[in-house]
Amino acid sequence: VTAFDLLGALREGMNLDDFNADRIMSKEPITAGIETRAEDLVEMMLENNFTMVPIIKDRRLVGIVDRASLMEAYIEPALRRYVKE
């Protein structure tokens with residue numbers, strides 16, 4: 001269940017106390033594999049307005065990558081170079 005699933009249910013006037021997650025959750029969520037490149041994860045997030053992407057291996061959830069983690073992976077090395085100068 002994503003934040004967008006919850007917002008959609010609220011927009012439709014549903015009372016969140018009155019139903020199970022399977023009623024509002026994405027039936028076929030977009031996921032990435034463990035070998036997915038960071039650049040591709042960024043693209044997935046931008047195209048789908050995601051804040052996080054589930055990471056799957058052998059059809060099992062093995063982790064979640066969020067925007068903050070990706071930004072840290074990109075920005076931290078640049079900051080280290082800047083601080084060293």
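**Sheet, hairpin, core and pocket**

Asp66 comes out as partly exposed, because its relative accessibility is 27% (buried is under 20% relative accessible area, exposed over 50%, and partly exposed in between, with a 1.4 Å probe and protein chains only). The model behind this value is predicted, so local features need pLDDT of at least 70 and side-chain atom pairs count only at pLDDT 80 or more, while totals for chains, interfaces and linings use all residues. Residues are numbered from 1 along each chain as its sequence is written, and side-chain values use heavy atoms, with hydrogens and water left out.

Asp66 sits in strand E3 (helices, H or I with at least four residues, and strands, E with at least two, are DSSP runs numbered from the N terminus). Across from Asp66 stands Met52. Leaving out residues up to four places away in sequence, Asp66 touches Met45, Thr51 and Met52 (contact means heavy atoms within 4.5 Å). Between Asp66 and Phe50 the C-alpha to C-alpha distance is 8.5 Å, with a separation of 16 residues in sequence.

Now for the sheet as a whole. It is open, has 3 strands in the order E1-E2-E3, and its pairing is mixed (two strands pair if DSSP finds at least two bridges between them). Strand E1 (32–33) and E3 are the edge strands; each has a single partner strand, so one side of each lacks a neighbour in the sheet. E2 and E3 run antiparallel to one another over 6 bridges, and one of the pairs puts Ile55 against Gly63 in E3.

The hairpin of E2 and E3 has 2 residues between the strands. Asp58 lies in this loop, between strand E2 (52–57) and strand E3 (60–66), and Arg59 is found in the loop between E2 and E3 too. Most residues other than glycine have a negative phi. Asp58, not a glycine, nevertheless has a positive phi of about 50°, and Arg59 also goes positive, with phi near 65°. Asp58 counts as exposed because its relative accessibility is 65%; Arg59, at 82%, counts as exposed as well.

As for the interior, the largest nonpolar core has 9 residues: Ala32, Leu41, Met44, Met45, Phe50, Val53, Ile55, Val65 and Leu70 (such a core is a set of buried Ala, Val, Leu, Ile, Met, Phe, Trp, Tyr and Cys residues joined through side-chain atoms within 4.5 Å). Helix H2 (38–48) and E2 are the elements that give two or more residues to this core, and H2 gives the most, with 3. Val53, a member of this core, is in contact with Thr31, Ala32, Leu41, Met44, Met45, Gly63, Ile64 and Val65, once neighbours within four places in sequence are set aside.

That leaves the largest pocket, which holds about 430 Å³ of space. Its lining counts 16 residues, and Val1, Thr2, Asp5, Met52 and Pro54 are the closest to its centre. (On a 1 Å grid over the protein atoms alone, a pocket is an open set of points where a 1.4 Å probe fits, with protein on both sides within 12 Å along at least five of seven lines; lining residues have an atom within 4 Å of a point. Points are joined across faces, edges and corners, and the volume is the space filled by probe spheres set on them.) Helix H1 (3–11) and E2 each supply at least two lining residues, with H1 giving the most, 4 residues. By class, the lining has 11 nonpolar, 3 polar and 2 charged residues (Ala, Val, Leu, Ile, Met, Phe, Trp, Tyr, Cys and Pro count as nonpolar, Asp, Glu, Lys and Arg as charged, and the others, Gly among them, as polar).
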